[in-house]
Amino acid sequence: MRGLERSAAFWLRAYPPAWREQRGAEVTALLRDLAADGARRLDARTALGLLRGGIAARCRQTPPLRYYLPYRLFDLRVPAQYREWVRRDICSPGNVRRNLMGRAWLLLLPLYSTAVTQDPRGFLSMWTVFGVMAVAMSLSVRSDAGERRRLQHHARPAPGGPRTLGEFVWVRTSRARIAAEPGSRVLVLLLAAGALAWSAAAVVAPSRTGVVPCPGQGQCFELVAEDRESSTLLVAVLAGALLAGVILAAAVARRLARRLPDRPDQPARHLVGLPPRAGVAIALWTGLIATEALAEATGAWVLSLSAVAAPACLVLLPSAVVLWARATPDTAFVDLRHVAWTGRPVEVDRYDTELVPALVQEAR
């Protein structure tokens, strides 16, 4: 690509992607014809004109601020006349980045707490935890499934209304479900990591969070860090949680043995594996658990999260092992979870919907 064409492509990025697809080549050819001989870049006047025109084009296509901000910050639906813009926003590159940036206001909570406590270490640690959690959650979601769900939330047709959206049409498709074996395996891995790390942290942590009355004030209490005198009671609580988990696992095993053999056919479903980047997400979640437990065990954090998280993991881990043992190649993880939680028969999935180009629909 010549230098002039590279310069034109750079300044044309101010325009929306759909506009560039339709008119980008034509505008580039026109700029090449109008440029002086031997020019390797656009002059300042032309570049500013493209920048001004691109910003104006984006403003004309973007919903008003009263609709744009709730959509970007709270993921609320926009009026019907802006559904085509929402479709382009969700399907265009950078959607995950824009979605995460729109939720960045949630991180103002650790910023506020840091301003109150004046502890820069807490500020850095909390921002790091939130950042790793955001990355792990984005990697845990299948990109195609996440895009489809957002489209269904923002651009689904009204009951009895037209099933078209611009040059696209809603069609019926089979529903993707995570297979039982990989889903239960990941659940066992994360619960086992939490049970081991948080149990150890709960036993050896040198301090705990306590509640004391405010000095000189009635009806007022504050959280303080207190030295832990004995962990015998906590060990007994962990042992009791594990025993309760074994009893719960026995009940789950009976439910699965009674309900799973009578599974109905699922013509509206197809089984899928974990997302391609699920291994990285699992490693990040495991690292967060281990890091938080280590911080409690060394006294760097006084959160006492392990006192609650460790018993919860010990209660759920035996049931997760039972789910993993009962997983078969033709079973979805949602079926195991539904039967274990409710004790009711497996439900038949309904068909999903997908937005496809109208030309593809005609070819079908």
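In the predicted model, Arg 83 is buried but takes part in no salt bridge. The nearest side chain of opposite charge belongs to Glu 84, at a distance of 10 Å. A salt bridge requires a side-chain nitrogen of Lys or Arg within 4 Å of a carboxyl oxygen of Asp or Glu, so the Glu 84 side chain, 10 Å away, does not qualify as a partner. Arg 83 is part of helix H5, which covers residues 83-91. Leaving aside residues up to four places away in sequence, the contacts of Arg 83 are with Arg 77, Val 78, His 154, Ala 155, Arg 156 and Leu 165.

Two of these contact residues, His 154 and Ala 155, are among the buried residues of helix H9. Helix H9 comprises residues 143-155, 13 residues in total. The distance from its first C-alpha to its last is 18 Å, close to the 18 Å expected at 1.5 Å a residue. The buried set in H9 also includes Arg 148, Arg 150, Leu 151 and Gln 152. The cover over the buried residues of H9 includes helices H4, H5 and H6 (95-102). Strands S1 (164-165), S2 (168-173) and S7 also contribute to that cover.

The loop between helix H4 (65-74) and H5 contains Asp 75. The phi angle of Asp 75 is near 60°, a positive value in a residue other than glycine. Most residues other than glycine have a negative phi.

In contrast to Arg 83, which has no salt bridge, other arginine residues are paired with acidic side chains. The whole structure contains 12 salt bridges. One of them joins Arg 177 to Asp 349, with the closest N and O atoms 3.0 Å apart. Arg 177 is in strand S3 (residues 175-178), while Asp 349 is in the loop between helix H14 (333-342) and strand S7 (352-357), so the pair ties together parts that are 172 residues apart in sequence. Arg 177 is partly exposed, at 22% relative accessible area, whereas Asp 349 is buried, at 14%. Both residues also belong to a network of salt bridges that links Arg 177, Arg 269, Asp 335 and Asp 349.

A second pair is formed by Arg 263 and Asp 330, whose closest N and O atoms are 3.1 Å apart. Arg 263 is located in the loop between helix H11 (232-259) and strand S6 (269-272), and Asp 330 in the loop between helix H13 (306-325) and H14, so this salt bridge ties together parts that are 67 residues apart in sequence. The relative accessible area of Arg 263 is 27%, and the residue is partly exposed.

A further salt bridge, between Arg 185 and Glu 181, has its closest N and O atoms 3.0 Å apart. Both residues are in helix H10 (residues 180-204), at a separation of 4 residues, about one turn of the helix. An α-helix has 3.6 residues a turn, so residues three or four places apart point the same way. Arg 185 is partly exposed at 34% relative accessibility, as is Glu 181 at 32%.

The loop between H14 and S7 also holds Tyr 351. This residue is partly exposed, with a relative accessibility of 36%. The C-alpha atoms of Tyr 351 and Thr 173 are separated by 5.8 Å, although the two residues are 178 residues apart along the chain. Not counting residues up to four places away in sequence, Tyr 351 touches Arg 172, Thr 173, Ser 174, Arg 175, Pro 267 and Ala 268.

Ser 7, in helix H1 (residues 3-12), is buried at 11% relative accessibility. With residues up to four places away in sequence again excluded, Ser 7 touches Arg 40, Arg 41 and Leu 42.

The structure contains 0 disulfides. Among the cysteines, Cys 59 is exposed, with a relative accessible area of 56%, and Cys 91 is partly exposed, at 35%.

For the protein chain as a whole, 15 helices and 7 strands are assigned. Of its 364 residues, 34% count as buried. Among contacts with a separation of 6 or more, 76% are between residues 24 or more positions apart. The chain exposes about 22200 Å², of which carbon and sulfur atoms supply 63%.

Technical notes
Residues are numbered from 1 along each chain as its sequence is written. This is a predicted model: local features need pLDDT of at least 70, side-chain atom pairs count only at pLDDT 80 or more; totals for chains, interfaces and linings use all residues. Side-chain values use heavy atoms; hydrogens and water are left out. Helices (H or I, at least four residues) and strands (E, at least two) are DSSP runs, numbered from the N terminus. Buried means under 20% relative accessible area, exposed over 50%, partly exposed in between (1.4 Å probe, protein chains only). Lys and Arg count as positive and Asp and Glu as negative; His and the chain ends are not counted. Contact means heavy atoms within 4.5 Å. A disulfide is a pair of cysteine sulfur atoms within 2.5 Å. Accessible areas come from the Shrake-Rupley method with a 1.4 Å probe; for residues, only the protein chains shown count as cover. The expected span of a helix is 1.5 Å times one less than its number of residues.
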